[in-house]
2 protein chains.
Amino acid sequence: MLISDVSNNGLSLLSETRCFGGTQKRFSHQSDSLNGEAVFSVFLPPESTPVFGVVLWLSGLTCNDQNFVTKAGAQRTAAELGLIIVCPDTSPRGDEVANDDAYDLGQGAGFYVDSTQAPWKTHYQMFTYINVELMDIIKSVFSKGKKIAISGHSMGGHGALISALKATEHYVSVSAFSPIVNPSKCPWGQKALSTYLGNNSAAWQAYDACELLNAMTEDFTLPILIDQGKDDEFLDSQCLTTPIEAVSNLSNVDVRYQDGYDHSYYFVTSFIEEHLQFHAKYLAQ
Amino acid sequence: MLISDVSNNGLSLLSETRCFGGTQKRFSHQSDSLNGEAVFSVFLPPESTPVFGVVLWLSGLTCNDQNFVTKAGAQRTAAELGLIIVCPDTSPRGDEVANDDAYDLGQGAGFYVDSTQAPWKTHYQMFTYINVELMDIIKSVFSKGKKIAISGHSMGGHGALISALKATEHYVSVSAFSPIVNPSKCPWGQKALSTYLGNNSAAWQAYDACELLNAMTEDFTLPILIDQGKDDEFLDSQCLTTPIEAVSNLSNVDVRYQDGYDHSYYFVTSFIEEHLQFHAKYLAQ
């Protein structure tokens with residue numbers, strides 16, 4: 001349902017729905033970096049609530065821009081605090097976009113990297129999309145000079161961490177649920193990185209949070225909050241969270257292991273209020 | 001994923017997930033009234049929180065037992081208050097169960113009535129399933145003597161109201177979001193009631209909240225809370241909420257029209273805390 005034509009900011013409003021007194025919107029736009037149409041969702045707090053800041057949310061494998069919007073219940077706290085929440089898709093989309101039948105490669109599995117390998121590189125430029133193109137839209141259309149934090153889940157937790165590590169100037173804080181912190185050492189990451197970047201270990205390290213941190217000559221001081229469920233079925237097999245604790249030059253980090261929680265959005269919804277409160281501390285500064 | 005075999009209460013545990021310190025479970029069981037397997041979901045508050053009462057939730061057209069569980073965000077308040085939330089499916093299911101290609105008839109659209117018409121009557125006995133069979137399970141397995149309230153959305157709001165009107169002894173309060181209050185006068189209801197009950201207006205009236213209320217010789221005193229979005233696309237066309245205000249023998253009712261809200265789960269999630277708090281008042285008495 002297209003409810004408005006392309007406005008002068010280049011965004012087409014696909015839908016808008018009242019939620020907790022604010023508005024949940026969905027936009028499409030022509031993306032230069034993804035070389036096609038892209039869709040993202042934005043929650044705007046009630047007009048009566050002053051905008052306090054922006055949280056950019058990156059979702060995990062198989063997700064699009066809607067999973068967090070419909071399942072995380074974040075609008076309640078965002079409405080209270082005055083937070084804008086921006087949720088992009090997890091990959092380029094479309095019939096003309098390279099794909100794979102597996103759930104962990106291709107559409108829905110962009111891994112937030114800029115691909116260098118055919119046929120993927122034509123559209124799979126997710127790092128640039130998030131940290132340049134979408135960032136420009138956030139700053140020119142939505143944030144009105146307010147600060148920006150980043151968060152995500154699983155593959156999106158990886159995306160949030162590498163965005164904060166590589167495009168630090170945009171963010172005041174980063175948090176993640178069950179993030180893939182060391183993708184070059186786990187099956188999900190090895191499959192995606194070899195496909196999108198080729199068999200070049202230096203290229204992989206440029207998108208691996210643990211490797212980026214290990215290569216730093218100074219402490220990384222951006223505040224980091226990580227929540228990890230102890231009953232997460234992927235905890236041991238997919239480089240979720242634990243390897244980041246072995247990184248020595250990492251300060252200002254809080255890694256929490258939560259009893260009984262798994263890898264699902266039931267985990268995200270249980271702690272999203274605490275993550276938004278965490279970011280609000282730094283958005284206010 | 002069947003994670004436990006049939007226990008001595010006849011329930012098979014399909015899944016369980018930690019959520020807000022409690023547990024979101026999903027069960028299947030052999031249903032006598034539906035003449036086949038039925039699935040329902042149950043949220044149990046944290047073990048450290050004393051159980052305060054039960055809220056039975058009925059969903060709307062196209063839904064199953066999962067829509068409310070994944071989208072409404074009710075577990076947060078339920079965990080705080082100590083509420084058990086039970087979410088059944090909206091119809092019988094299975095290859096052997098009569099169906100229709102339309103979204104508003106057949107599987108996913110049981111309308112909470114006991115069908116009298118072939119081929120539907122073999123399985124479509126949702127009123128008895130909810131108010132007798134599932135009620136017995138709630139009382140014998142989950143509620144441990146605590147009181148029960150009922151709520152629902154759209155077709156499920158209709159189901160909650162007729163359950164409270166016809167099986168009043170089970171419930172302490174009823175609430176609804178955008179309920180179909182007068183199904184014999186609207187297209188959704190006329191299609192479903194004529195199909196499941198035949199062209200017998202007396203049979204329709206027995207499952208129509210407004211007609212049941214009009215036929216009552218005494219005031220219906222069970223507390224009722226109804227929320228209706230003013231921007232609901234079905235408000236005028238599908239007998240949502242407004243006709244119930246014309247019922248004269250209705251006391252103890254609070255009908256609220258909410259500016260800007262539509263028919264979606266974004267509306268439900270925005271006000272579910274208030275509904276659970278409403279029920280908690282009566283569950284405590």
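**Exercise 1. The pocket lining**

How do the residues of the lining of the largest pocket divide into nonpolar, polar and charged?

*Solution.* Keep in mind throughout that this is a predicted model. Start with the pocket itself: its volume is about 630 Å³. Next, look towards its centre, where the closest of the 28 lining residues are Glu233(A), Asp262(A), His263(A), Ser264(A) and Tyr265(A). Then ask which elements give two or more residues to the lining: from chain A these are α1 (67-71) and α8 (265-283), and from chain B they are β1 (12-19) and α1 (67-71). Finally, sort the lining by residue type: eight are nonpolar, 14 are polar and six are charged.

**Exercise 2. The sheet of chain A**

Work out the strand order of the open sheet in chain A, and find the strands that stand at its edges.

*Solution.* Begin with the order, which reads β1-β2-β3-β5-β4-β6-β7-β8-β9 for the nine strands, with mixed pairing. Now go to the edges: β1 (12-19) and β9 (253-258) of chain A each have a single partner strand, so one side of each has no neighbour in the sheet. On average, neighbouring strands of this sheet are turned by 15° against each other, direction ignored.

For a close look at one pair, take β7 (residues 174-177) and β8 (residues 224-229) of chain A, which run parallel and are joined by four bridges. Within this pair, Leu225(A) of β8(A) is the residue opposite Ser175(A). The last step crosses to the other chain: helix α8 (residues 265-283) of chain B packs on the sheet and touches β1 and β2 (22-31) of chain A, its direction making about 30° with that of β1(A).

**Exercise 3. A covered strand in chain B**

Decide whether strand β6 of chain B is mostly covered or not, and identify its partner strands.

*Solution.* First count the buried residues: in β6 (residues 148-153) of chain B, six of six are buried. Then split them by direction. Ile148(B), Ile150(B) and Gly152(B) point one way, Ala149(B), Ser151(B) and His153(B) point the other way, and all are buried.

Now for the partners. Strand β4 (residues 53-58) of chain B pairs with β6(B) in the parallel sense over five bridges, and Val54(B) sits opposite Ile148(B). Strand β7 (residues 174-177) of chain B also pairs with β6(B) in the parallel sense, over four bridges; here Ser151(B) faces Ser175(B).

One residue of β6(B) leads us to a helix. Ile150(B) is in contact with Ser163(B), whose other contacts beyond its sequence neighbours include Leu58(B), Phe127(B) and Tyr171(B). Ser163(B) lies in helix α4 (residues 155-166) of chain B. Its relative accessible area is 1%, so Ser163(B) counts as buried.

**Exercise 4. Unusual backbone angles**

Find the cis peptide bonds before Pro119(A) and Pro119(B), and describe where Lys144(A) and Phe111(B), with their positive phi, are placed.

*Solution.* A reminder first: most residues other than glycine have a negative phi, and most peptide bonds are trans.

- In chain A, the bond from Ala118(A) to Pro119(A) is cis, with omega about 0°; Pro119(A) is in the loop between β5 (83-88) and α3 (126-142).
- In chain B, the bond from Ala118(B) to Pro119(B) is cis, with omega about -5°; Pro119(B) is in the loop between β5 (83-88) and α3 (126-142).
- Lys144(A) has phi near 50° and belongs to the loop between α3 and β6 (148-153) of chain A. Its relative accessibility is 71%, so Lys144(A) is exposed.
- Phe111(B) has phi of about 60° and belongs to the loop between β5 and α3 of chain B. Its relative accessible area is 0%, so Phe111(B) is buried.

Technical notes
Residues are numbered from 1 along each chain as its sequence is written. Chains are lettered from A and ligands numbered from 1 in the order in which they are written. This is a predicted model: local features need pLDDT of at least 70, side-chain atom pairs count only at pLDDT 80 or more; totals for chains, interfaces and linings use all residues. Side-chain values use heavy atoms; hydrogens and water are left out. Buried means under 20% relative accessible area, exposed over 50%, partly exposed in between (1.4 Å probe, protein chains only). Contact means heavy atoms within 4.5 Å. Two strands pair if DSSP finds at least two bridges between them. Axes are lines fitted to C-alpha atoms, for helices over the stretch in contact, and angles run from 0 to 180 degrees between N-to-C directions. On a 1 Å grid over the protein atoms alone, a cavity is a set of points where a 1.4 Å probe fits but cannot get out, and a pocket is an open set with protein on both sides within 12 Å along at least five of seven lines; lining residues have an atom within 4 Å of a point. Grid points are joined across faces, edges and corners, and a volume is the space filled by probe spheres set on the points. Ala, Val, Leu, Ile, Met, Phe, Trp, Tyr, Cys and Pro count as nonpolar, Asp, Glu, Lys and Arg as charged, and the others, Gly among them, as polar. Lists of a residue's contacts leave out its neighbours within four places in sequence.
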